[in-house]
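Open the model in your viewer and keep the sequence panel beside it. This tour tells you what to select at each stop, and what is there.

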Amino acid sequence: MSSLVKNRAGTWELYYRCMPGCDAHPEGGTRHHVSLGTRDTKVAHQLQEEFDAEQDLLVARLKLGLATLKPKASLTLSALWKQYAEAMAHEKSPYTLSDADWPAINHLIMHVGDIQASQLTLPTVLQYRAKFLTVLKLAPATWNSRRKILRAIWNWAIRMKFLTTNPFSEVNDVVDHEDDHRLQPVPTHQLRALLTMAPSRFWQLIILFLYQTMCRRGELINLLRTDVLWNEDLIRFRRPKERRGSQVRHKYISLTPRTEADNSRSSTVI
């Protein structure tokens with residue numbers, strides 16, 4: 001039987017003793033721990049149940065003298081992508097697969113080769129990350145997003161019994177302290193300074209609106225009076241139609257009393 005342990009990062013890990021025939025320990029009985037790549041307790045327990053059921057099946061096959069089930073060792077990275085894309089075709093947007101998932105694994109193939117997926121070890125991933133950041137000089141944020149995509153693909157492959165380990169779960173994100181573009185709240189004294197520097201009351205209201213709604217400049221420029229849904233207490237930021245006739249998903253935010261008051265004042269200015 002396996003056990004679940006949560007590490008310092010809050011991610012669940014699976015602890016178990018391997019069965020005879022293990023690739024690393026043919027005699028079996030060696031303690032292993034594998035990151036499940038999730039912080040969700042329910043998902044972790046579900047993965048544990050699936051793992052224990054597979055172990056029970058393996059024990060039964062060993063007792064009966066039958067061949068043991070092993071992962072697909074010959075599965076290359078490109079073949080893994082093909083399997084993943086086919087499986088996710090009905091669950092993910094085609095644009096997510098083509099514009100996010102495929103570039104991540106294609107870039108990996110370009111720089112480590114179309115090797116067998118089981119041969120992609122932690123040292124290989126670390127070398128790839130070093131080349132990604134120092135030689136190719138790609139942004140740390142790009143690495144972080146690509147790593148999350150590849151980690152998800154490898155977790156899927158583990159659930160499908162194609163692979164047994166996920167090296168992308170063992171590699172951390174890269175934090176660029178010198179160039180941190182993450183959104184930070186504006187201190188009150190800076191907001192007051194901005195309002196003082198505004199050339200007119202109209203621009204003061206614009207600054208307050210941007211501050212309270214956190215909308216983008218383009219969203220504000222395209223905002224119409226009809227996009228303020230007074231009866232529903234919402235503001236709608238319209239987005240252009242997506243390709244191939246997909247349903248348009250507009251962005252909505254709540255119309256707070258403070259924003260409503262500023263909006264009403266802005267109507268008299270405009």
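The stops below run from a helix and its core to salt bridges, a sheet and two loop residues.

**Before you start**

This is a predicted model: local features need pLDDT of at least 70, side-chain atom pairs count only at pLDDT 80 or more, and totals for chains, interfaces and linings use all residues. Numbering starts from 1 along each chain as its sequence is written, and side-chain values use heavy atoms, with hydrogens and water left out.

**Stop 1: helix α2**

Select residues 77-88, which form helix α2. Helices here are DSSP runs of H or I with at least four residues; strands are runs of E with at least two; both are numbered from the N terminus. The expected span of a helix is 1.5 Å times one less than its number of residues. For the twelve residues of α2 that gives 16 Å, and the end C-alpha atoms are 16 Å apart, which agrees.

Which residues of α2 are buried? Show Leu77, Leu80, Trp81, Tyr84 and Met88 as sticks: they are the buried ones. Buried means under 20% relative accessible area, exposed means over 50%, and partly exposed is in between (1.4 Å probe, protein chains only). Now look down the axis of α2. The buried residues fall within an arc of 100°, so they line one face of the helix. That arc is taken from the directions from the helix axis to the C-beta atoms. The reason for such a pattern is general: an α-helix has 3.6 residues a turn, so residues three or four places apart point the same way.

Turn to the face away from the buried side. It carries the exposed residues Lys82 and Glu86. Then add α3 (94-112) and α5 (140-159), which are among what covers the buried residues of α2.

**Stop 2: the cores**

Stay on Leu80 and select its surroundings. Leaving aside neighbours within four places in sequence, Leu80 is in contact (heavy atoms within 4.5 Å) with residues including Leu75, Ala117, Ile153, Trp154 and Phe162.

A nonpolar core is a set of buried Ala, Val, Leu, Ile, Met, Phe, Trp, Tyr and Cys residues joined through side-chain atoms within 4.5 Å. The largest one has 27 residues, and Leu80, Leu108 and Trp154 have the most contacts inside it. Colour α2, α3, α4 (122-135) and α5: these are the elements that give two or more residues to this core. The largest share, seven residues, comes from α5.

Next, select Leu4, Leu14, Leu47 and Phe51. They are among the ten residues of a second, separate core.

**Stop 3: salt bridges**

A salt bridge is a side-chain nitrogen of Lys or Arg within 4 Å of a carboxyl oxygen of Asp or Glu. By this rule the count is five.

Select Arg147 and Asp173. They form a salt bridge, with the closest N and O atoms 2.8 Å apart. Arg147 lies in α5 and Asp173 in the loop between α5 and α6 (188-197), so the pair ties together parts that are 26 residues apart in sequence. Arg147 counts as buried at 6% relative accessibility; Asp173 counts as partly exposed at 31%. Add Lys148: Arg147, Lys148 and Asp173 are linked in a network of salt bridges.

Move to Arg216 and Glu219, whose side chains meet in a salt bridge at 3.5 Å, N to O. Arg216 is exposed, with a relative accessible area of 54%, whereas Glu219 is buried at 12%.

Then pick Asp227 and Arg236. This salt bridge is 3.0 Å, N to O. Asp227 is buried, at 0% relative accessibility.

**Stop 4: the sheet**

Switch to cartoon view and find the open sheet of three strands, in the order β4-β5-β6, with antiparallel pairing. Two strands pair if DSSP finds at least two bridges between them. The edge strands are β4 (228-229) and β6 (251-254), and each pairs on one side only. β5 (residues 234-237) and β6 pair over four bridges. Select Ile235 and look across: it stands opposite Ile253 in β6.

**Stop 5: two loop residues**

Select Val186, in the loop between α5 and α6. Val186 is partly exposed, at 32% relative accessible area. Beyond residues up to four places away in sequence, Val186 touches Leu191 and Tyr211. Val186 and Tyr211 are 25 residues apart in sequence and 8.2 Å apart in space, C-alpha to C-alpha.

Finish at Thr11, in the loop between β1 (3-6) and β2 (12-17). Is Thr11 buried or exposed? Thr11 is buried, with a relative accessible area of 15%. Not counting residues up to four places away in sequence, Thr11 touches Val5, Lys6, Ser35, Gly37, Thr38 and Arg39.
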